[in-house]
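Reader: I've just opened this one and I'm not sure how to read it. Could you walk me through a few features?

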Amino acid sequence: MKNVLKTAAVGMLLVSAGSAFAQSNPCNPGVSGEGDIMEGHAVVTPEPNPCQVKMGTVFYISDPMARNSVSFTSEAPLEDIVGTTSDVSGYVVFDPTHPSKGGSGELVVSVSSLETGIPLRDRHLKGPDWLDAANHNAISFRVANLRDVRLIKQDDGFSTFEMTAEGPFTLHGITREISVPIRATYLEESEQTKSKMPGNLLAARGSFDVSLKDFGIKGMKGVVGSKVGESIQVDISFIGTTMAMNVQQASNPGNPCGGKKAMNACNPCGG
Amino acid sequence: MKKRMTGSLILAITALVLGLWLFTGRHAYTKFEVVEKVPLQVSSNDPLAATGFYDGGQPEVVVHKKSFHFGLLPTPSGLFDKHALSVASVLGSSWSLFLVVWWLGRRKSTVNSI
């Protein structure tokens with residue numbers, strides 16, 4: 001019974017990071033951000049380098065209210081498996097007034113934060129036969145290219161775009177180039193947007209498929225492809241803000257930065 | 001009489017277990033929390049509502065909530081895990097017990113007749 005559960009219940013995977021709009025970094029082509037993403041249990045939030053900051057507006061992705069989401073859906077014989085995590089962090093550098101300039105970004109998700117609703121299945125998902133959280137806890141997406149950008153709706157206070165983000169995607173220790181269709185909306189700060197989050201906002205959502213075998217994920221006894229779907233659908237949704245989390249949290253008299261927006265990673269109190 | 005009562009009891013347990021499975025959503029596995037995709041209800045107060053962000057098909061959101069579903073199969077993490085309860089485990093143990101009792105009863109009748 002236990003083996004049946006292991007093979008039938010576990011499926012999945014995946015997650016991914018997504019989004020953002022990117023362009024090769026002129027300061028360091030191929031590397032869009034600072035901060036190494038550590039393997040193992042710790043996942044470090046990526047940060048933009050000073051050169052990226054000059055290319056556009058930095059939107060920080062880190063929501064203490066856990067409203068950001070990366071989820072996956074996998075077909076399985078008895079019932080489809082849906083998993084999710086709200087532990088999404090990263091950044092996007094994008095100029096909404098000049099979208100053709102492109103941008104850059106990086107998103108990271110931790111495998112250890114994934115949940116499917118069944119503790120046993122979650123344990124198997126993070127085990128060595130599947131995502132192997134102990135050795136490859138970080139799933140990351142660094143956007144390197146942006147194409148087919150088009151403005152689809154604009155009015156006072158907002159602009160909505162569609163585009164395709166391309167770049168290296170790392171899962172289970174294996175990196176492959178992927179393309180993600182994205183819909184993004186830039187919102188200028190207003191009384192209505194403050195109810196969601198302070199600062200100017202960039203909301204983005206996208207969906208794409210990932211082949212488990214391409215990332216060396218076979219499951220127990222080759223269950224991938226037989227009892228579990230080979231391809232997994234990944235959905236991403238997040239809201240980035242121009243106000244860095246440390247500035248949001250530091251809105252107290254003891255902090256010299258107060259509630260100022262942190263636009264420059266080199267000078268967290270400056271704009 | 002005793003056999004009829006035992007038979008009735010096992011049938012009642014079967015009906016109860018299957019009824020609970022049907023009533024709680026006919027899930028494959030026993031769960032006490034669910035992760036599922038549901039249609040997104042866009043509020044008029046949502047600043048993204050009129051921006052076209054949700055256009056292009058019915059938007060969905062993944063929810064993770066506490067919700068009990070009695071499933072066909074168990075998913076226990078340990079011997080006394082609540083996830084061990086399921087249609088298969090309850091009916092399996094009940095019917096096994098019933099068959100053992102029935103068989104022992106038949107054996108006893110055969111021995112007595114001899």
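**A patch, an interface and some salt bridges**

Author: Sure, and keep in mind that this is a predicted model. Let's begin with chain B, where helix α2 (residues 87–113) gives the most to the nonpolar patch, with six residues.

Reader: Which residues form that nonpolar patch on the surface?

Author: Look for Leu11(B), Trp95(B), Leu99(B), Val100(B), Trp102(B), Trp103(B) and Leu104(B). Together they have about 700 Å² of accessible area. If you want a spot to click on, Trp103(B) sits in helix α2 of chain B.

Reader: Now the two chains. How many residues does each one bring to the contact?

Author: For a contact, you look for heavy atoms within 4.5 Å of each other. Here chain A brings 34 residues and chain B brings 28 residues. The area buried between the two chains is about 2700 Å², and carbon and sulfur atoms give 63% of that. On the chain B side, Tyr29(B), Pro47(B) and Phe53(B) lose the most area to chain A, together 24% of what that side buries.

Reader: What about polar contacts and salt bridges across the interface?

Author: There are twelve residue pairs in polar contact between chain B and chain A, both residues at pLDDT 80 or more. As for where chain B's side comes from, β1 (31–39) and β2 (60–69) of chain B each supply at least two residues. The largest share, five residues, comes from β1(B). Sorted by class, the side of chain B that touches chain A has twelve nonpolar, ten polar and six charged residues.

The interface also has three salt bridges. In one salt bridge, the side chain of Lys196(A) meets that of Asp46(B), at 3.8 Å from N to O. That counts because the cut-off is 4 Å.

Reader: How many salt bridges does the structure hold over all chains?

Author: The total is 13. Try the one between the side chains of Glu166(A) and Arg147(A), at 2.6 Å from N to O. This pair links distant parts of the chain, 19 residues apart: Glu166(A) lies in strand β8 (residues 158–171) of chain A, and Arg147(A) in strand β7 (residues 145–155) of chain A.

Terms used. Residues numbered from 1 in each chain as written. Chains lettered and ligands numbered in written order. Predicted model: local features only at pLDDT ≥ 70, side-chain atom pairs only at ≥ 80, totals over all residues. Heavy atoms only, no water. Buried area = accessible area lost by both parts, 1.4 Å probe. Polar contact = N/O pair within 3.5 Å; in protein donor to acceptor, adjacent residues only side chain to side chain. Helix = DSSP H or I, 4+ residues; strand = E, 2+ residues; numbered from the N terminus. Nonpolar A, V, L, I, M, F, W, Y, C, P; charged D, E, K, R; others polar. Patch = residues over 30% accessible without salt bridge, like charges linked within 9 Å, V, L, I, M, F, W, Y side chains within 5 Å. Areas by Shrake-Rupley, 256 points an atom, 1.4 Å probe, with all protein chains shown as cover.
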